[in-house]
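Work through the exercises below with the sequence and the model side by side. Try each task before you read its solution.

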Amino acid sequence: MTFKPIPLNPKKSRNLWVYIVITLLILGVVGLFAYRYFFSSGSRRWLDFSAFKQDRDDYAEILLLPGMRCGDAPFAFPTTGAIFGLWSQSYRPGHIHAGLDIFSGTEPGVTPIYAAYPGFLTRKADWISTVIIRHPNDPLEPSRQIWTYYTHMADDQGEESFISSEFPPGTNEVYVEAGQFIGYQGNYSGNPDNPTGLHLHFSVVKDDGNGSFLNELEIKNTYDPSPYLNLAVNHNDNPESFPICQDEITFENWDLVVEHE
Ligand SMILES: [Zn+2]
């Protein structure tokens with residue numbers, strides 16, 4: 001018996017090459033989009049995240065502090081941390097972030113949070129980790145009412161709330177000064193099986209026109225916090241770098257609560 005090589009059909013062989021080239025092209029385009037997504041929308045900022053958590057002191061230039069006011073910003077900064085997640089940033093396909101994610105790099109229940117602006121604080125009866133403050137006169141547009149929203153102030157399981165005991169569940173319209181202690185940063189996401197990284201989520205929420213606030217999860221119901229803080233916190237304007245004050249920094253004379261070790 002002799003071995004006879006099967007001749008390669010030249011037509012089939014050409015088709016195979018066409019398939020290979022098309023497949024490589026598709027993979028290339030998908031890969032390019034994935035790369036751009038990670039480094040553009042997802043942002044390079046996240047690349048610093050584990051190092052920041054390891055040693056916050058190495059990142060003094062991006063660390064913002066409570067009571068810090070950038071230039072003539074109406075709001076002073078509400079907590080200690082770096083803003084890794086900006087307004088209008090996408091964390092995953094189909095998601096657009098409606099607030100700021102400020103990471104302290106500490107532990108849950110350690111880093112204090114203060115009211116950024118005076119107003120009337122409400123904590124609904126079923127809110128474990130959240131408060132909202134009504135500001136009857138928007139400092140940028142006094143004819144309108146706005147709200148500031150603070151969340152994740154509980155442990156991962158939602159068993160221990162880190163909100164100040166001055167604001168128990170069911171608190172309604174209690175006046176707070178700027179700089180008043182609200183609670184500590186936590187990592188409760190609303191789902192004990194999937195806690196968030198430790199941070200404060202802070203957003204500026206639109207009024208519904210009937211004395212209540214709109215759903216703060218949707219970006220269209222929120223305002224770009226940039227002019228309120230005088231920081232570049234709109235991801236579209238600042239896709240890669242950390243928001244740091246480009247103006248004169250002053251500090252409010254707030255009665256600060258000590259961050260425990
Ligand atoms: Zn957030």
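**Exercise 1: Two loop residues with positive phi**

With 19 C-beta neighbours inside 10 Å, Ser88 counts as partly exposed, and the model in which you find this residue is a predicted one.

Task: Determine where Ser88 and His152 are placed, and decide for His152 whether the residue is buried or exposed.

Solution: Begin with the location of Ser88, which is in the loop between β2 (82–85) and β3 (100–103). Next, look at the backbone of Ser88, where phi is near 75°, a positive value in a residue other than glycine. Then turn to His152, which is found in the loop between β7 (146–151) and β8 (171–176), and which has a phi near 80°, again a positive value in a residue other than glycine. Finally, count the neighbours: a residue is called buried if 20 or more other C-beta atoms lie within 10 Å of its own, and His152 is buried because 28 other C-beta atoms lie within 10 Å.

**Exercise 2: Another residue of the loop between β7 and β8**

Task: Work out whether Pro168 is buried or exposed, and state how far Pro168 is from Asp58 in sequence and in space.

Solution: Pro168 lies in the loop between β7 and β8. The limit for an exposed residue is 12 or fewer other C-beta atoms within 10 Å, so Pro168, with 11 of them, is exposed. As for the distance, Pro168 and Asp58 are 110 residues apart in sequence, and their C-alpha atoms are 37 Å apart in space.

**Exercise 3: The surroundings of strand β3**

Task: Find the strands that pair with β3, and describe what happens on the two faces of β3.

Solution: On pairing, β2 and β3 run antiparallel and are joined by three bridges, and β3 also pairs with β10 in the antiparallel sense over three bridges. Follow Asp101 as an example: in β3, Asp101 is the bridge partner of Gly85, and Asp101 also stands opposite His201 in β10. For the faces, recall that in a regular strand the side chains alternate between the two faces of the sheet. In β3, Leu100 and Ile102 are on one side, Asp101 and Phe103 are on the other, and all of them are buried, so that both faces are covered.

**Exercise 4: The nonpolar core**

Task: Name the residues that touch the most other members of the largest nonpolar core, and list the contacts of Ile83.

Solution: The largest nonpolar core has 50 residues, of which Ile83, Val131 and Leu229 touch the most other members. The largest share of this core, four residues, comes from strand β10 (residues 200–206). Leaving out residues up to four places away in sequence, Ile83 touches Leu64, Leu100, Asp101, Ile102, Val233, Phe242 and Pro243, and two of the residues named here, Leu100 and Ile102, were met above on one side of β3.

**Exercise 5: The chain as a whole**

Task: Compare the radius of gyration of the chain with that of a compact globule, and describe how the chain is divided.

Solution: A compact globule of 261 residues would have a radius of gyration near 18 Å, whereas the chain has 24 Å. The C-alpha trace spans about 95 × 40 × 40 Å along its principal axes. The chain is divided into domain 1 (11–40) and domain 2 (49–251), and the C-alpha centres of these two domains lie 42 Å apart.

Notes. Residues are numbered from 1 along each chain as its sequence is written. This is a predicted model: local features need pLDDT of at least 70, side-chain atom pairs count only at pLDDT 80 or more; totals for chains, interfaces and linings use all residues. Domain bounds come from an automatic or database domain assignment. A nonpolar core is a set of buried Ala, Val, Leu, Ile, Met, Phe, Trp, Tyr and Cys residues joined through C-beta atoms within 7 Å. Two residues are in contact if their C-beta atoms, placed from the backbone, lie within 7 Å. The radius of gyration is taken over C-alpha atoms; the globule rule is 2.2 Å times the number of residues to the power 0.38. Two strands pair if DSSP finds at least two bridges between them.
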